[in-house]
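Subject: The structure I promised you

Hi there,

Here is the structure we talked about, with the sequence alongside. Have a look at it in your viewer first, and then read on for what turned up.

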Amino acid sequence: MGKIYTAMGLMSGTSLDGVDVSIIESDGNKEFSSILDRYFEYDQEIIQKILILREKITVPENLNKYLDEIKDLERKITLFHANVIKKTLEMSKSSVDLIGLHGQTIFHDSEIKITKQLGDGKLLSQLTKKKVIYNFRQNDLKNGGQGAPLTPIFHNVLANKINNKFNLGFPLNFLNIGGISNITSAINWKDWEEKINDINAYDIGPGNCMIDEWIRKNSKKKYDKDGSIAKSGKIDKLILNQALENFKENSHYGKSLDIKDFDIFFAKGLSLENGASTITNFTAKLIANGMKHTHKMRQSIIYKWLVCGGGRKNNFLLESIKNNFDNLYLEPIDKYEIDGDFVESQAFAFLAIRSSEDMPISFPTTTRCKEPSTGGVIVKNF
């Protein structure tokens with residue numbers, strides 16, 4: 001066992017609702033325990049500024065064009081994170097060794113190797129008097145990777161923790177439904193040293209991003225709670241099939257995805273309920289296709305899938321995914337004593353520890369990088 005760190009992870013996803021914060025204890029390898037999880041909602045000004053900026057930045061040139069706006073928003077987001085850290089440390093009384101900052105993604109295109117997450121690690125370190133690790137994607141991109149998903153190495157730790165207690169066996173797969181959906185196929189710890197490069201992961205399609213955008217633009221709600229709006233609507237099968245056909249032409253796996261890869265335009269003209277139902281089924285079909293493609297699933301066999309991320313609460317989406325299989329074991333990870341809301345914030349605390357120990361955080365089978373890559377910029381600015 002290596003040195004045990006107390007680390008904090010901060011995650012702000014594409015749902016734009018706020019920041020998830022987790023404190024963990026870990027050696028960045030097999031040892032892991034959760035200390036504290038908290039959620040802090042963004043104020044409306046920050047949410048609106050992110051939405052406006054995200055709409056403007058459609059090509060990399062826009063990153064320079066709107067540089068002043070980006071810097072202004074990055075400062076606001078960094079100050080918000082600093083306040084969140086202060087409140088969390090007061091709550092927990094923990095002595096945190098380091099902080100892993102994911103930041104707020106406003107642009108990501110793996111093909112041209114450009115990614116931008118808002119969050120000033122130097123300023124955050126100065127304000128919190130803590131060592132901060134940020135900009136986790138850049139090194140992976142330099143090494144030929146996609147920059148995402150980065151959580152699979154942590155999913156594997158959780159899979160083994162769950163298996164040790166509940167004896168679920170392997171293969172044990174994770175379906176993370178955030179703004180984008182990704183999957184991880186975990187390996188048993190007894191094969192850890194020889195087969196760490198066999199942890200498989202992919203971004204496979206949209207998660208909540210299209211559903212959330214449809215609800216935001218067509219109602220006063222922020223998201224479809226439990227999938228109830230979609231459930232009350234009717235799928236427009238003609239529009240759904242056309243959208244799937246159009247997407248199929250441009251689709252390929254092994255590429256990290258961004259919310260800008262998906263457009264809700266095909267549902268234009270549908271009612272709130274019918275649009276939600278059609279878009280949710282479109283999302284479910286792409287997720288199911290990704291699961292089948294990456295795991296070569298045979299529908300006669302029950303496969304174990306644990307679901308984390310906000311999308312696990314959308315019952316209609318989960319049922320729609322299951323409808324694409326004859327037999328599918330799909331359960332929220334919460335059933336196994338892991339809070340599915342905080343897997344990613346815990347993951348970035350874990351990745352921060354690995355970064356500080358110069359251990360790889362991405363692998364050829366998770367991000368398609370050329371060789372196992374370390375990641376994250378480490379800053380101590382106090």
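How many bridges join strand 7 to strand 10, and do these strands run parallel or antiparallel? Strand 7 (residues 172-177) and strand 10 (residues 304-308) are joined by five bridges, and they run parallel. Please keep in mind as you look that this is a predicted model.

**The sheet**

Let's start with the strands. Strands 7 and 10 belong to an open sheet of five strands, arranged in the order 9-8-7-10-11 with mixed pairing. At the edges stand strand 9 (200-206) and strand 11; each has a single partner strand, so one side of each has no neighbour in the sheet. On average, neighbouring strands here are turned by 25° against each other, direction ignored.

You can walk across part of the sheet residue by residue. Begin at Leu 172, whose bridge partner in strand 10 is Lys 304. Lys 304 in turn has Tyr 329 as its bridge partner in strand 11. Strands 10 and 11 also run parallel, with four bridges joining them. To get from strand 10 to strand 11, the chain passes through helix 12, and this β-α-β crossover is right-handed.

**A residue in strand 8**

Next, find Asn 182, which lies in strand 8 (residues 180-186). Is Asn 182 buried or exposed? Its relative accessible area is 6%, and because anything under 20% counts as buried, Asn 182 is buried. Apart from neighbours within four places in sequence, the residues in contact with Asn 182 include Pro 149, Thr 151, His 155 and Phe 174. Tyr 202, Asp 203 and Ile 204 are also among its contacts.

**Salt bridges**

Now for the charged side chains: the count comes to 14 salt bridges. Here are a few to look up.

Lys 76 and Asp 72 form one of them, with N to O at 3.2 Å. Why can these two side chains be found on neighbouring turns? Lys 76 and Asp 72 are four residues apart in helix 3 (residues 67-92), which means that about one helical turn separates them. Both ends are partly exposed: the relative accessible area is 25% for Lys 76 and 36% for Asp 72.

Helix 12 (residues 315-322), the helix of the crossover above, holds a pair of its own. There, Lys 322 and Glu 319 meet in a salt bridge of 3.6 Å, N to O. Being three residues apart, they are separated by about one helical turn. Lys 322 is partly exposed at 27% relative accessible area, and Glu 319 is partly exposed at 41%.

Which parts of the chain does the salt bridge between Lys 165 and Glu 337 link? The closest N and O atoms of this pair are 2.7 Å apart. The pair links distant parts of the chain, with the two positions 172 residues apart: Lys 165 is in helix 6 (residues 152-166), while Glu 337 is in the loop between strand 11 (329-332) and helix 13 (343-356). Lys 165 and Glu 337 are both exposed.

Finally, look for a group rather than a pair. Arg 312, Lys 313, Asp 334, Asp 339 and Asp 341 are linked in a network of salt bridges.

Enjoy exploring, and write back with any questions!

Best wishes

Methods: Residues numbered from 1 in each chain as written. Predicted model: local features only at pLDDT ≥ 70, side-chain atom pairs only at ≥ 80, totals over all residues. Heavy atoms only, no water. Salt bridge = Lys/Arg side-chain N within 4 Å of Asp/Glu carboxyl O. Buried < 20%, exposed > 50% of the residue type's maximum accessible area, 1.4 Å probe, protein only. Contact = heavy atoms within 4.5 Å. Pairing = 2+ DSSP bridges. Axes fitted to C-alpha atoms, helices over the stretch in contact; angles between N-to-C directions. Right-handed = clockwise from strand over helix to strand, strands pointing away.
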